[in-house]
Amino acid sequence: TYENYERKIEILSDWFGEKLINEITTKDLNEFFEEKKRINNWTANTENPWKKFAVFYFKWLQRRGYIHREGYTAADQLIIPKRNISTPKLAKPSEVAAYLFWLVGEAERREKRKGKDIAENIRGCIVHLVLILFCGVRREEACKVVWKDINFEGEYIEVLKENSKTKRRRVPSMLEDNVWNWLRYCKHKGANLDGYSKKGDGKQEDPMRRLIYRQKKYRQSFEKA
């Protein structure tokens with residue numbers, strides 16, 4: 001929970017920069033959420049907990065004197081959409097295959113244009129999607145998996161205890177050959193799963209953000225088609 005809060009606070013801090021929390025208005029918050037919805041294609045199920053967190057966080061700041069106004073905070077005026085609790089649409093095998101092979105094509109095109117690093121990042125997205133689509137691993141957990149968590153000899157994938165939402169060690173077993181075929185292909189092609197570790201230049205990538213970006217690009221490809 002603390003990691004989730006920390007991530008959200010960092011995103012808010014990056015957006016508002018040096019602006020004092022006491023000066024942030026409801027209009028400012030609405031602009032933040034509208035831009036995030038536009039860039040990341042947020043649904044009501046994503047927007048709902050984000051806005052609820054904003055209300056909670058601004059109240060917390062108010063109680064500690066960072067917001068001088070009494071009564072309502074800027075976040076209290078946000079319109080929070082209802083979550084859609086209906087059963088989500090299941091993807092057909094053909095739809096999943098089309099998505100993954102589209103990413104394969106994107107990586108190959110980048111590689112031919114001397115974009116080796118980008119190609120390896122795209123293949124890292126493929127690994128995360130394989131874990132999500134075929135293994136039932138949560139997106140947040142899948143994006144933290146690195147190659148040492150994938151045992152090719154014993155054919156099991158380990159979601160480490162500190163990365164698991166339930167705080168229990170989970171070892172998916174008896175996976176389909178299709179999973180291992182994809183993982184071995186990505187491993188052979190040098191897929192990058194080191195997004196959360198520090199780079200030589202001090203920069204640190206966010207695999208979750210990278211995956212969301214590729215999902216957006218895939219949706220845009222339909223418009224072009």
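Where is Tyr66 found? In this predicted model, Tyr66 sits in the loop between helix H3 (44–63) and H4. Together with Phe56 and Trp60, Tyr66 makes a nonpolar surface patch of about 310 Å².

It helps to place this patch within the overall fold. The protein has eight helices and two strands, and the pattern read along the sequence is α-α-α-α-α-α-β-β-α-α. Of its 225 residues, 38% count as buried.

Attention turns next to the second largest pocket, which holds about 170 Å³ of space. Two elements each give two or more residues to the lining of this pocket, namely helix H4 (93–112) and helix H8 (207–224). The most is given by H8, with six residues. The lining residues are Trp102, Glu106, Arg109, Arg110, Arg113, Tyr213, Arg214, Lys217, Gln220, Ser221 and Lys224. Sorted by class, the lining of the second largest pocket has seven charged residues, along with two nonpolar and two polar ones.

Charged side chains also pair up elsewhere in the model, and the count comes to eleven salt bridges. One of the pairs joins Lys19 to Asp28, with the closest N and O atoms 2.8 Å apart. The two partners offer a nice contrast in exposure. Lys19 is partly exposed, at a relative accessible area of 35%, whereas Asp28 has 14% relative accessibility and counts as buried, because buried means under 20% relative accessible area.

A second pair, Glu35 and Arg38, lies within helix H2 (residues 26–40), where the two residues are three residues apart, about one turn of the helix. In this salt bridge the closest N and O atoms are 2.6 Å apart. Glu35 is partly exposed, with a relative accessible area of 23%, while Arg38 counts as exposed at 52% relative accessibility.

A third salt bridge is formed where the side chains of Arg184 and Glu155 meet, at 3.2 Å from N to O. Arg184 belongs to helix H7 (residues 177–188) and Glu155 to the loop between strand S1 (150–151) and strand S2 (156–157), so this pair ties together parts that are 29 residues apart in sequence. Arg184 is partly exposed, with a relative accessible area of 36%, and Glu155 likewise counts as partly exposed, at 32% relative accessibility.

Salt bridges can also be followed beyond a single pair. Glu34, Lys37, Glu47 and Lys51 are linked in a network of such contacts.

Key:
Residues are numbered from 1 along each chain as its sequence is written. This is a predicted model: local features need pLDDT of at least 70, side-chain atom pairs count only at pLDDT 80 or more; totals for chains, interfaces and linings use all residues. Side-chain values use heavy atoms; hydrogens and water are left out. On a 1 Å grid over the protein atoms alone, a cavity is a set of points where a 1.4 Å probe fits but cannot get out, and a pocket is an open set with protein on both sides within 12 Å along at least five of seven lines; lining residues have an atom within 4 Å of a point. Grid points are joined across faces, edges and corners, and a volume is the space filled by probe spheres set on the points. Helices (H or I, at least four residues) and strands (E, at least two) are DSSP runs, numbered from the N terminus. Ala, Val, Leu, Ile, Met, Phe, Trp, Tyr, Cys and Pro count as nonpolar, Asp, Glu, Lys and Arg as charged, and the others, Gly among them, as polar. Patches are made of residues with over 30% relative accessible area and no salt bridge: like charges are joined within 9 Å, nonpolar side chains (Val, Leu, Ile, Met, Phe, Trp, Tyr) within 5 Å. Accessible areas come from the Shrake-Rupley method with a 1.4 Å probe; for residues, only the protein chains shown count as cover. A salt bridge is a side-chain nitrogen of Lys or Arg within 4 Å of a carboxyl oxygen of Asp or Glu. Buried means under 20% relative accessible area, exposed over 50%, partly exposed in between (1.4 Å probe, protein chains only).
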